[in-house]
Amino acid sequence: MTIKPLSDRVVLQAVAAEETTRSGIILAGNAQEKSQMAEVVAVGPGTDDNPMTVKIGDRVIFKQYAGTNVSLDKEEYTVLSVADILATVE
């Protein structure tokens, strides 16, 4: 089963969060924040008002509380509008 977004929606899959700080401190699972960086796994066709500016495989940073979390085949995804994406990471 796959997720195919409609309109100006994008499907993201979270990138693994860092488990250590720059200074080498290991963070416990409950001390880690939800990652705001993800990889684009599906894109909709876009609209005249919100054209699609990302493509599958791009790594992006998105708004912290944006989108809807979905679980499919034991994988977690976030579906959100392309307008909620703040930047691409190269």
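Before you click on anything, here is how strands are called: a strand is a DSSP run of E of at least two residues, a helix is a run of H or I of at least four, and both are numbered from the N terminus. Two strands pair if DSSP finds at least two bridges between them.

You are looking at a predicted model, in which local features need pLDDT of at least 70, side-chain atom pairs count only at pLDDT 80 or more, and totals for chains, interfaces and linings use all residues. Residues are numbered from 1 along each chain as its sequence is written, and side-chain values use heavy atoms, with hydrogens and water left out.

**Stop 1: the whole chain**

Switch to cartoon view. The protein chain has six strands and zero helices, so to speak β-β-β-β-β-β from the N terminus on. The six strands make an open sheet, ordered β4-β5-β1-β2-β3-β6, with antiparallel pairing. At the edges sit β4 (68–72) and β6 (85–89), each of which pairs on one side only. On average, neighbouring strands of this sheet are turned by 40° against each other, direction ignored; the axes are lines fitted to C-alpha atoms (for helices, over the stretch in contact), and angles run from 0 to 180 degrees between N-to-C directions.

Now colour by accessibility. Buried means under 20% relative accessible area, exposed means over 50%, and partly exposed is in between (1.4 Å probe, protein chains only). Of the 90 residues of the protein chain, 26% count as buried.

**Stop 2: β1 and its two partners**

Select β1 (9–14). On one pairing, β1 and β5 (residues 75–81) run antiparallel over four bridges, and Val11 stands opposite Val79 in β5. On the other, β1 and β2 pair in the antiparallel sense over five bridges; here Ala14 stands opposite Ala38 in β2.

Which residue of β5 should you pick next? Try Thr78, which is found in that strand. Thr78 counts as buried because its relative accessibility is 8%. The Thr78 side chain makes a polar contact with the side chain of Asn69 (3.0 Å). A polar contact is a pair of N or O atoms within 3.5 Å; within protein, one must be able to donate a hydrogen and the other to accept it, and residues adjacent in sequence count only if both atoms are side-chain atoms.

**Stop 3: just before β1**

Step back to Ser7, in the segment before β1. Ser7 has a positive phi of about 55° although it is not a glycine. Most residues other than glycine have a negative phi. For a second case, jump to Lys74 in the loop between β4 and β5, where phi is near 65°. Lys74 counts as exposed because its relative accessibility is 83%, while Ser7, at 33%, counts as partly exposed.

Asp8 also lies in the segment before β1. Is Asp8 buried or exposed? At 8% relative accessibility, Asp8 counts as buried. Show its side chain and you find a polar contact with the side chain of Ser81 (3.0 Å), plus a salt bridge with the side chain of Arg9 (3.7 Å, N to O). A salt bridge is a side-chain nitrogen of Lys or Arg within 4 Å of a carboxyl oxygen of Asp or Glu. Arg9 is partly exposed, with a relative accessible area of 39%.

**Stop 4: the other salt bridges**

How many salt bridges does a search of the whole structure find? It finds three. Select Lys55 and Asp58, whose side chains meet in one of them (3.2 Å, N to O). Lys55 counts as exposed at 54%, whereas Asp58 is buried at 15%.

Then pick Asp84 and Lys63, whose side chains also meet in a salt bridge (3.7 Å, N to O). Asp84 lies in the loop between β5 and β6 and Lys63 in the loop between β3 and β4, so the pair ties together parts that are 21 residues apart in sequence.

**Stop 5: β3 and β6**

Finish on β3 (residues 59–62), which pairs with β6 in the antiparallel sense over four bridges. The bridge partner of Val60 in β6 is Thr88. Ile61 lies in β3 too, and counts as partly exposed at 31%. 

Add Leu86 and Val89 to the selection: with Ile61 they make a nonpolar surface patch of about 230 Å². Patches are made of residues with over 30% relative accessible area and no salt bridge, with like charges joined within 9 Å and nonpolar side chains (Val, Leu, Ile, Met, Phe, Trp, Tyr) within 5 Å. Accessible areas come from the Shrake-Rupley method with a 1.4 Å probe, and for residues only the protein chains shown count as cover.
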